[in-house]
Structures are given as C-alpha cells and as structure tokens.
Amino acid sequence: MATKTDYKLKKKDFRQVNRRNLFGNQLGWNYEKMQGSGYLFIILPQLRKLYGDHTPELKAAMKAHNQFFNTNPYVNTMITGIDLALEEKEGIGSLETVSGLKTGLMGPFAAIGDSIFASLIPAIMGAIAANMAIQKNPFGLLLWLIVNFIVMYIRWIQLPLAYKEGTNLVTRMRGQLSALTDAAILLGVYVVGALVATLVNVKVPFVAHIGKVTVDLQNEIDMILPKLVPAVIVALIYWLLGKKKMTSTKAIFIVIVVAVVCSALGILGKAS
Amino acid sequence: MHSDIAFWQVLLLTLYSMYQTIDDITIVSSLAQPVWAGLITGLIMGDLGTGLVIGGSLQLTVLGVGTFGGASKIDANSGTILATAFSISAGMNAQTAVAAIGVPVASLMIQTDILGRFTNTYFQHRIDRLIEAENYRGIERNYLYGMIPWALSRGIPVFLALQFGGSFVSSVVKVLNTDLQWLSNGLATAGALLPAVGFAILLRYLPARKHVGYLILGFTITALFSTLFTNVQTLGTAVAKVSKGFTQSFNTVSMLAIALIGLTFAINEYKHQVELQKQQPAAPKQQDDEEGEIYGDED
C-alpha cells in the first residue's frame, strides 16, 4: 500500500531535509516535546509530497511526527532516513511502525551519538585547542573548525545511506562503532593523563625553615614524582564528583573556594 | 586603565553571543566553544592573547561537561565573553578573571538557558494548533520563531552586563589589586586549578576505569618529558646568557608527539576489538536479541 500520490523521494528531497536539519534542527527545542516539532519541521515538505496537501493522511502524519522526540542531534537523520523509506513504501499504514521505530531508536542513537560526537570529539579537540590557546596559539581552533566541518559532512551523507540501507545499517555498524568508541575512549583517557601533567599549573610554595635547614616542599615532591601535585588534585576532584548529589557546577565552586583558602594559607600557588 | 567598553564593541559581542547559541544547536561549527569565544572577544577588544588564555582555561574547565537529554549545561561561552571583555577593559589578571567572572557568569546563565527553552513551549503549542488548521507555512514560521528565545537568552544578559557592568567591575579590580591582594592571588590560583575539574569530569564520563593503565602512561610520559624539556630550556637560556657563541634554542615538549604515542595504542585497541567480534559469533547474536526488542514494532 503505497501513498496516494505515489511520490518517490529524489536527491533534491534529501538535500532539503539535510538543509533543514543542519540549520534548524533544535531551534524549536522545548521542555514539552523537546525535538518533537523539529522532527516535523525537517520532513514537512516531504510529508506534503508523499500524502498530498489537505488530506486526512497528511494531518495524521503531521500529528504523528509532532510527538515527543529527543535524540543526539548528530545522528538523528539516520532515524529520519529509515522513517522516510518506510513511509514512502507503506504510506499511512506505516505510521504506527514508524512511531515505534522513532521511540525505540532515539535512546540507542542518543547513546552512540552522545559518546562519539557530543563527548569524545569536543573533549579531544577542545583539549588540543585549549592547550595551544593558553600558549597564545590559535591554530588548534582552526583544527577544531575543520574537524567539525568533516562531522557536518558525515551528518549530510548519512541520510541517503540510512534511507537505502534501512535498519540493516544499524546492525551492521554497531560492532564497528563499539570498537571505535572503545579505542577513542582509550585515546581520550591517555590524553587526559598527558594534560594533567601539563595544564594544571599549581605548585606548593610552602618553604619550611627548621633550624638552619631550609626545606622547599615543592622540590621534595618533585624528587618523588614530577607533577605529583596536579595528579593528586585531579584524583581528589574525581573522588569529590563521585559523592551523592554532587554536580559539576557545585564541584567547580568548591574548587574555587578551596583554592582561595589554600592560597591564602600559602599551601597552594600558581606556578609560573 | 580605562574601564569603558565602546558601544560598537558591546554590540558586536552581543551579536556574537546570540549567534553562538544558535550555532551550538544547529550546525555546531565549534564557534560556540569557549576557546572561540575567547578568540573572537579578544579580537573585538583588541587583545587576542588574553582572549586565548581565558578561552583556553574555561574550555579546559568544562572539558567533560556536555548537554545530554536537554539538560542545561554551565554556559562557559558567555562566561568567556564577559571575563575576556572585562579582563581587557578593566585590566584584570586573566587567571583571576576566569575564576572571578567567567565561572559565576557561566553558572548564572544556566537560568536564562532554562528560561529560553521554557519559552519555546509557547511556539510548540501554536504548532499543535496549526496542524489542526493545516496551515503548513504557519507551522514552519512558528518553528523558526524558536530561535528568538534562544538568541535572547544569551543576548540580553550579555548586553546588560557589558553595558552597565563596566564601572562595577573596574572598582572591584581596584580593591582586588590593593586591599584584597590575597583574594586576587587566590582567584588566580583557582583559575590555574580549574582545568583539573574539567579533567576529573571527563574521566568520570569516559569512563577512565577500563583504561586506567593508559591514564597513568599518558601522565607519566608527559610528566617526565615536560620536566626534561623545561629544564633543558632553562639551562639553554642560562648558558646563552653566559656564552655569546651559544645560539641553540630549545622548544617545549611536543604534545602532538605525545598524543601520537597514545594513538598507537588506540589503533591496536580498535584492531583487537574488531578481531574479538569476528572470533565470537555468539556475541553479535546476543546483540541481535537486544535489538529485536528495539525493532519489535517492525513486524
């Protein structure tokens, strides 16, 4: 049972969906339906072509796509692609399936997309860019911009891919994606280790005078392990974040207060 | 040390703050990140270096903070704009500005973000009604109106703070530099310490537990090399002062080289994982079952 118009989606349609997705995806984000109206906005012209204007079918489709929806904004059009393939083939009869598919896929897609695109890439690129920026070198920012343009390209090509391959795509890519995520986490963890050693610029300025002997505490610590102070501090904050009811914002303020107190007592200071 | 920010600068910064909100929810070009906010604000205020340092510091502070499921995150971008602008105009130390202005502003802006997202519910309701009326143009228009609350949620507070906050900030700076020197030093220390929070958040998120060995490896290699390189640099500078014939200069440790070592391990891990999946046909099958639930509606 195809749609009444028998319309087949063309390249032009994918371009339009992609354009609307890239430049308008979350503009209507709200607490009630989150990306709900966004999903409808992105495919509205295609729905009109598939069902025809002012038909009860179109109204039913619009209502179905104006429901609660929220997933990772980098991979959402994969769901859109699978959805469009189904609706093109099955018409209004597929709406129930499509609604189930959307609700069923938004969770797993959010998990994959969030860990790669919303966390790992910003963390790694952000670390590189910030590391260079602190040395007053803007090159890392440019690098980040380039990487994000590549990500936009991926977002662009995944729609026709998902449309063609349908649900097989998810099954096929899942193994590779989990291997890739695992490798990326390894790299991320390693880089954080490296950053702890270079970018937490604090030292212990405390110098004890015991009789005639002067003990420079920082020097003693360096003899055990250079950069031990930053490592201990990160470990302490890591522990703090594991506490109940702790949020990152609260942790940031606690660190500021503790740093000011320790600095006033002469225990901690900014390294040159 | 004059504390005024010219009106055209206020205007440009406000426009940028509105643009970056929209960028971050649509194309995500990275222009909405704190480092870029630092660069752009630095350019507008005429001090690129300070902008980069403040942007970089705040970027590191929020390294592991993401928005998931529509939760509002600490808005380090707006924090960077105000911290950079006031640091340059009022002559505040960059690290002090990070802790004294950047972080408080960033966390206050969570409230305006929530307000913006809340306001958009109004347009959602209009869309609900327009579907009944079959007004296709109206649906699209009301959807696009959603960008107004988003843009204003950053534009209004940034504009007000830049336009009217200048004299307040410069009087604070005056006190910080004289009577409250200890507080100024403390805030600078806090600014230097804040990246540690970003790293800890990131380690919680990643999660680090599975690859803790590589955390230690990355840290140790870098700790040793950076100490070595810095010492050689110090030595080089000292020798150059004594001997005029000594013209060799030394660089700091290359972070790219250190990252490449990590990349080697990551590539191996990827290959290993793919091999494992090939060897165990049982494991993917289990995944299929799991997916059967998800696609249950398909049959």
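Begin by selecting the interface of chain B and chain A in this predicted model, across which five salt bridges are found, each being a side-chain nitrogen of Lys or Arg within 4 Å of a carboxyl oxygen of Asp or Glu. One to centre on joins the side chains of B:Glu140 and A:Arg20, at 2.9 Å from N to O.

Next, select helix H9 of chain B, residues 181–205, which with 21 residues gives the most to the side of chain B that touches chain A; helices here are DSSP runs of H or I with at least four residues, numbered from the N terminus. By class, that side of chain B has 67 nonpolar, 31 polar and 14 charged residues, where Ala, Val, Leu, Ile, Met, Phe, Trp, Tyr, Cys and Pro count as nonpolar, Asp, Glu, Lys and Arg as charged, and the others, Gly among them, as polar.

Widen the selection to the whole interface: 112 residues of chain B are in contact (heavy atoms within 4.5 Å) with 114 residues of chain A. The two chains bury about 10000 Å² between them, 72% of it on carbon and sulfur atoms, buried area being the accessible area (1.4 Å probe) lost on putting two parts together, summed over both. Within chain B, show B:Tyr136, B:Tyr143 and B:Phe219, which lose the most area to chain A, together 8% of what that side buries.

Residues are numbered from 1 along each chain as its sequence is written, and chains are lettered from A in the order in which they are written. Local features need pLDDT of at least 70, side-chain atom pairs count only at pLDDT 80 or more, totals for chains, interfaces and linings use all residues, and side-chain values use heavy atoms, with hydrogens and water left out.

How values were computed. Helices (H or I, at least four residues) and strands (E, at least two) are DSSP runs, numbered from the N terminus.
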